[in-house]
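Me: I have a structure on my screen and would like a close look at one part of it. Could you walk me through a single strand and what surrounds it?

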Amino acid sequence: MKTTSFRHPVSACATSCLALVCLILMALAPAAAQQSTYSGFEPNDEFQLEVDGTIDTKAQLFLQRRLPAFLVLPAGSNTPLLVSIRSRAVQSVSLMKMTLQPSGMMDLAADAITGSKGTLEQKQGEISFLVDGKHYELVEKPVFEGLASAKMLEDYGAGYLNGAASYEPDAESMAAIRAVKGKVQVRTYFGSWCPFCKRYVPGMVRVAKEIQESNITIDFYGLPKGISSDPVANQARVNSVPTGVVFLDGKEVGRLTQNDWTSPEKSIAKILKGQ
Amino acid sequence: MKVDQNRGKVGAEGSEPGIARTTLGWVGGVILGAVLLFGAWAKILDPSAFAQQISSEGLDFLVPANWVALIALALEIGLGVSLLIGLRKRSVLAASGLLVLFFLFLTGRAYYRFANGIVSDEPGCGCFGNLVERTPAEAFWQDMVLLVPTWILAVWGRATGALKYGFARVAVVGSVTAAGLVVALLSPRLPLDDLATRIGKGVEVTTLCTGAEDDRLCLDTVAPELREGHHLVVVTELDTEGFLAGVDRLNAKAMRGEGLMVLADATLEASQTFFWTYGPSFEIREAPASLLKPMYRTLPRSFEVVDGVITRTYVGLPEMPEAEPFVDPFAPPAEPSVGSQGQ
């Protein structure tokens, strides 16, 4: 009579393999849990933190757009806060579970939360929350107004800094601009409140930095909201932002508007070429 | 001796024009009629946009804009068909002349306003609805070139003799006008969005533009990401009911990392309020109304873009799987509920 046996060579091999796989998975499981992070917290320059009615100028704000959630690092506090917009939760975060990337982005481990700190309150366009007896509010950053250099814009907002760093100007156009004889000045009128400017002005910031130490000056002029009633905008005949005005030897030779901003250096080169 | 009764009548008005002149007159009438009918067709496809334009032009001071739109449409169709089938009676030509003058007044006024900076973001005249992209200058000069010479030809080459099948022609005009009005009334409920807008399969995003010369702005400048990859683009206003009802599903799509872009002519304040209220996982991209309007009849409207080319369009939002309830990945574990037992 035939009997089945667990000692069948194939069954034994399969059992051993299964056990081995299980052991490997068990060994990897904690590591996988530790590696579970939420990346993509990018420095945010649209808002600033107000604590008990005073602007915390040294506070750092990061925004993960997909969640979406703010990571708030108040100055002088060892307790960062995670402010989740959709779940309206405010939670404290372990500093040890945060990793700042060379790109300036912050990563957060999934087990970074150390405790609940309350809920968000929304009043029209701004939000506030109460944590440990302190009243926090995320308020819109003041509009940048007046004349600025590329460096000043990079200092004003991380968006300009990171946007400029990631923009790659067209080498041929840059060479063409540098080769122009005469004094070239480009003034970019922009609004720090304007989404289109946020997307495209960093490209011009990069061009301005690349073109330093030449006979070309590129500067920026921040306009307030409602530019149609602004005297500076009216004097410069600027009715939309961003608008770049190109001067050659003190005389206006062209403007960068709308589609020109996809590649500002190409547009400048084209204007200077007289096309 | 036989006397031609008709000749006798014609003679009373003047001599009958020659064959060349009547042919030119017929050609002028046909072209003018065709232009009027094309304009009417664009309005039939999107009558609410036409009514909106009438309202924005301030032409609804006596009668509500919807009624003005309907009357104007009836006139345009009636005159267009009349000219097309050679019904060039004095009354038809006089009314056509007045209509041509009225169009020139509207486009001329828009051109003057735009040229003098009175209206900074003036879209081209909507006389051809969303079908044709025209700047104010183009609208004026095209109307001038297309309408004035053809009208002059139609008048100059008018045969003054008795019209054959006069009653039948009038019946055709009446029938087509009535049919046009019926289609206009039904069209918002008909699937004519691709016909009525500039969005359609095979259209490149680089060709969806507004403005001219320095003010030209194209969709791929507003959203350069669309040039590559697969994206779903939603055109909406941020308080549109159909869009708000789909926010959860759109969030789920964005969370899965699928390409999604929402275009809205929204102020920064409106975008921020939407952000704080709904916590969207997708970005709201601001775009001017003049760029967005030719893309839809009703909001929201969506389309898929693959490597810069539209591959599919939707009225409203596309079918998307029902979104799972949102789970905050950082939320602390729920505390066990107490107090529910023994109730």
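What follows is a walk around one strand of chain A and its neighbours. Which elements pair with β15(A), and how much of β15(A) is buried?

Reply: Happy to help. Please keep in mind that this is a predicted model.

Let me set the scene before zooming in. Chain A has 275 residues, and 36% of them count as buried. The chain holds 7 helices and 18 strands. Among its contacts with a separation of 6 or more, 57% are between residues 24 or more positions apart.

Now to your strand. β15 of chain A spans 184–190, and it is mostly covered, with 5 of its 7 residues buried. On pairing, there are two partners to look at. With β16(A), the sense is parallel and there are 7 bridges; in that strand, A:Tyr221 is the residue opposite A:Tyr189. To get from β15(A) to β16(A), the chain passes through α5(A), and this β-α-β crossover is right-handed. With β17(A), β15(A) runs antiparallel and shares 6 bridges. Here A:Arg187 is the residue to find, as it stands opposite A:Val245 of β17(A).

As you step along the strand, a general point may help: side chains in a regular strand alternate between the two faces of the sheet.

Next, the core around the strand. The largest nonpolar core has 40 residues, and A:Phe190, A:Val205, A:Ile218 and A:Val241 are the members that touch the most others. β15(A), α5(A), β16(A) and β17(A) are among the elements that each supply at least two residues to this core, and so are α2 (150–156), α3 (158–166) and α7 (264–273) of chain A. The helix of the crossover deserves a second look, since α5(A) gives the most to this core, with 8 residues.

A:Val241 is a handy place to centre your view. Leaving aside residues up to four places away in sequence, A:Val241 touches A:Tyr189 and A:Phe190, and also A:Gly191, A:Cys194, A:Cys197, A:Leu223 and A:Ile227. Of these, A:Tyr189 is the residue already met opposite A:Tyr221, while A:Phe190 shares with A:Val241 a place among the members of the core that touch the most others.

From there, turn to α7(A). This helix is mostly covered too, with 7 of its 10 residues buried. The buried ones are A:Pro264, A:Glu265, A:Ser267, A:Ile268, A:Ala269, A:Ile271 and A:Leu272. They pack against β15, α5 and β17 of chain A, as well as α4 (171–178) and β18 (251–256) of that chain. Just after the helix, A:Gly274 takes a positive phi of about 85°.

Finally, a glance at chain B, for context. An automatic or database assignment divides chain B into domain 1 (16–190) and domain 2 (196–315), and the centres of the two domains, taken over C-alpha atoms, are 33 Å apart. Chain B gives 28 residues to its contact with chain A, and chain A gives 28 as well. On the side of chain B, β2 (217–218), α11 (247–255) and α12 (268–278) each give two or more residues, and α12(B) gives the most, with 6. By class, that side has 12 nonpolar, 9 polar and 7 charged residues.

Key
Residues numbered from 1 in each chain as written. Chains lettered and ligands numbered in written order. Predicted model: local features only at pLDDT ≥ 70, side-chain atom pairs only at ≥ 80, totals over all residues. Helix = DSSP H or I, 4+ residues; strand = E, 2+ residues; numbered from the N terminus. Buried ≥ 20, exposed ≤ 12 C-beta atoms within 10 Å, placed from the backbone. Contact = placed C-beta atoms within 7 Å. Nonpolar A, V, L, I, M, F, W, Y, C, P; charged D, E, K, R; others polar. Core = buried A, V, L, I, M, F, W, Y, C linked by C-beta atoms within 7 Å. Pairing = 2+ DSSP bridges. Right-handed = clockwise from strand over helix to strand, strands pointing away.
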